[in-house]
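Subject: Structure handover

Dear colleague,

Here is the structure you asked for, with the sequence alongside. My notes on it follow below.

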Amino acid sequence: MTLEARELTVIYDGTAVVDGVSLTLPGGPFGLGLIGESGSGKTTVARCLLGLVAPTSGTVRFGGADVGGLRHSRPYRRAVQIVVQDTEGALDPRMRVGTAIAEVLRAHRMVPRGAEAERVTELLAEVGLTAEHAARFPHQLSGGQRQRAAIARALAVRPRFLVLDEPTSALDTTVQARILDLLRRLRAEHRLSCLLISHDLAVVEQLCPHVLVLHRGRVVEEGDLTEVLRDPRHPATRTLRDAVPRLTDAQSPPPPGQPRTPRR
Ligand SMILES: Nc1ncnc2c1ncn2[C@@H]1O[C@H](COP(=O)(O)OP(=O)(O)O)[C@@H](O)[C@H]1O
Ligand SMILES: [Mg+2]
């Protein structure tokens, strides 16, 4: 099963905010990084993949079928899930975390009636939360716990593709690293194909060896992250790289007389 965008273009108010973007997510486990500064069109690409935005031109295909016609198809809506930045309020603030996940299980008839609570506990355990967290409201959780809960809810429908839109951008570095570890483990265990969207190369580096660089809606660079960093072809890539000093250090030669320090 493949999720594929071809020549996607989205025009808002006369401006192409996404301009001829093509990308392919094969079956998992797989990771592709979509990087670019704020406003470069990343979230709009994500929304097209989810069938939430209809492209002005171009296509998104899921298993060969145009998602425009699949918008209301249960298999497609289940197969492709998204996890967004915590600050965007992925979880309903008025609903207990367990209730929110149980509701998804019911809506998609994922478990027999009455078995929801048990499955909720299982899903929370998978992301490192306990049954006790199920009874809490989102604001009673830490940022990292809220992202774990959002991941559990996405997993509830047993997706094949996971679009991660800045999943750790609202978190501090330590928490961010733990969430990325979790995502790496879940990707392997559930054979997920992930599109990891971020402006932060240090995040993408953790999960996705292959990246696309988006700039003003266009893909300006594509390739293995190490290659792309070694010889960026576009200034936008250099800007993203230079925002992570560690990556820049690794690319430049060590000062004379000093050994190259290990990267970590
Ligand atoms: N619904 C919309 N209507 C008009 N402009 C939009 C809409 N959604 C996004 N945009 C604009 O499209 C551009 C790309 O936005 P977005 O895809 O959110 O970028 P990113 O996720 O890379 O920050 C931005 O200039 C944004 O203001
Ligand atoms: Mg965005």
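To start with one pair of residues, Arg61 stands opposite Asp66 in strand 5. Please keep in mind throughout that this is a predicted model.

Strands 1, 4 and 5

The pair just named belongs to the pairing of strand 4 with strand 5 (residues 65-66), which is antiparallel and has two bridges. These two strands form a hairpin with two residues between them, and Gly63 in this hairpin has a positive phi near 55°. Strand 4 (residues 57-62) is also joined to strand 1 (residues 3-12), again antiparallel, by five bridges. Within that pairing, Ala5 has Val60 of strand 4 as its bridge partner. Strand 1 also contains Glu7, and phi of Glu7 is positive, near 50°, although the residue is not a glycine.

The six-stranded sheet

There is an open sheet of six strands, with mixed pairing and the order 6-7-8-3-9-10. Strand 6 (80-84) and strand 10 (218-224) are the edges; each has a single partner strand, so one side of each has no neighbour in the sheet. On average, neighbouring strands here are turned by 20° against each other, with direction ignored. Inside the order, strand 3 (residues 30-35) pairs with strand 8 (residues 193-198) in the parallel sense, over six bridges. Gly33 is the residue opposite Leu196 of strand 8 in this pairing.

The site of ligand 1

Which residues are around ligand 1? They are Tyr12, Val17, Glu37, Ser38, Gly39, Ser40, Gly41, Lys42, Thr43 and Thr44. By class, the shell holds two nonpolar, six polar and two charged residues. Helix 1 (residues 42-49) gives the most to this shell, namely three residues.

Three distances to oxygen atoms of the ligand may be useful to you:

- Gly41: a polar backbone atom is 3.1 Å from an oxygen atom of ligand 1.
- Thr43: an N or O atom of the side chain is 2.9 Å from an oxygen atom of ligand 1.
- Thr44: a polar side-chain atom is 2.6 Å from an oxygen atom of ligand 1.

On its own, ligand 1 has 570 Å² of accessible area, and the protein covers 56% of it.

Two buried acidic residues in loops

Asp86 sits in the loop between strand 6 and helix 3 (97-107). Is Asp86 buried or exposed? Its relative accessible area is 13%, which is under the 20% cut-off, so Asp86 counts as buried. The side chain of Asp86 makes a polar contact of 2.9 Å with the side chain of Arg146.

Glu166 is in the loop between strand 7 (161-165) and helix 7 (173-189). Its relative accessible area is 10%, so by that cut-off Glu166 is buried as well.

Backbone points to check by eye

Most residues other than glycine have a negative phi, and most peptide bonds are trans. Against that background, Glu166 has a positive phi near 50° and is not a glycine. The peptide bond from Gly28 to Pro29 is cis, with omega near 0°. Pro29 lies in the loop between strand 2 (15-25) and strand 3.

Regards

How values were computed. Residues numbered from 1 in each chain as written. Chains lettered and ligands numbered in written order. Predicted model: local features only at pLDDT ≥ 70, side-chain atom pairs only at ≥ 80, totals over all residues. Heavy atoms only, no water. Pairing = 2+ DSSP bridges. Helix = DSSP H or I, 4+ residues; strand = E, 2+ residues; numbered from the N terminus. Near = heavy atom within 4 Å. Polar contact = N/O pair within 3.5 Å; in protein donor to acceptor, adjacent residues only side chain to side chain. Areas by Shrake-Rupley, 256 points an atom, 1.4 Å probe, with all protein chains shown as cover. Nonpolar A, V, L, I, M, F, W, Y, C, P; charged D, E, K, R; others polar. Axes fitted to C-alpha atoms, helices over the stretch in contact; angles between N-to-C directions. Buried < 20%, exposed > 50% of the residue type's maximum accessible area, 1.4 Å probe, protein only.
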